[in-house]
Amino acid sequence: QVQLVESGGGLVQAGGSLRLSCAASGTDFDFSITVMAWYRQAPGKQRALVAVITSSGRTNYADSVKGRFTISRDNAKNTLYLQMNSLKPEDTAVYYCNKHPGFPAWSWGQGTQVTVSS
């Protein structure tokens, strides 16, 4: 069983930055070989994929965040990061981490709220 704990969200003005973290803990898992992703869910919308990072560090981003967000990982700490720059009001959402959607998900964490004011 793997537990995911997201943190780092908050209230920020448009154009600002935040860095999200996702700590994975538990037993019988190898974070270093897991393709990880960040997702977000805005009010009244479905959860959407934001960014993906492979075990080797290759990344991919949703068009809406490309050039503004950077996903990274620290395998020694079992931690995933999302650096978010040039934030826009439409980035407001609860942000979650988990495996790439092509793999069975771990239990979802509580997420971290990001609110961008205009």
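**Tyr-95 and the strands around the core**

In this predicted model, Tyr-95 touches Glu-6, Leu-20, Trp-38, Tyr-39, Arg-40, Val-50, Phe-69, Leu-82, Met-84, Gly-111, Thr-112 and Val-114, leaving aside residues up to four places away in sequence. Tyr-95 also belongs to the largest nonpolar core, which has 28 residues; Trp-38, Leu-80, Leu-82, Met-84 and Tyr-95 are the ones that touch the most other members. At least two residues of this core come from each of β1, β3, β4, β5, β7 (69-74), β8 (79-84), β9 and β10 (112-117). β3 supplies the largest share, 4 residues.

Strand β4 spans residues 36-41, and 5 of its 6 residues are buried, so the strand is largely enclosed by the rest of the structure. β4 pairs with two strands considered here. With β9 (residues 93-99) the pairing is antiparallel, over 6 bridges, and Gln-41 has Val-94 of β9 as its bridge partner. With β5 (residues 48-53) the pairing is again antiparallel, through 5 bridges; here Tyr-39 stands opposite Leu-49. The hairpin of β4 and β5 has 6 residues between the strands, and Gly-44 takes a positive phi near 75° in it.

Strand β1 (residues 2-7) shows an alternating pattern: the side chains of Val-2, Leu-4 and Glu-6 point to one face and are buried, whereas those of Gln-3, Val-5 and Ser-7 point to the other face and are not. In a regular strand, side chains alternate between the two faces of the sheet. β1 runs antiparallel to β3 (residues 18-26), joined to it by 6 bridges. Glu-6, one of the residues touched by Tyr-95, has Cys-22 of β3 as its bridge partner.

Conventions. Residues numbered from 1 in each chain as written. Predicted model: local features only at pLDDT ≥ 70, side-chain atom pairs only at ≥ 80, totals over all residues. Heavy atoms only, no water. Buried < 20%, exposed > 50% of the residue type's maximum accessible area, 1.4 Å probe, protein only. Pairing = 2+ DSSP bridges. Core = buried A, V, L, I, M, F, W, Y, C linked by side-chain atoms within 4.5 Å. Contact = heavy atoms within 4.5 Å.
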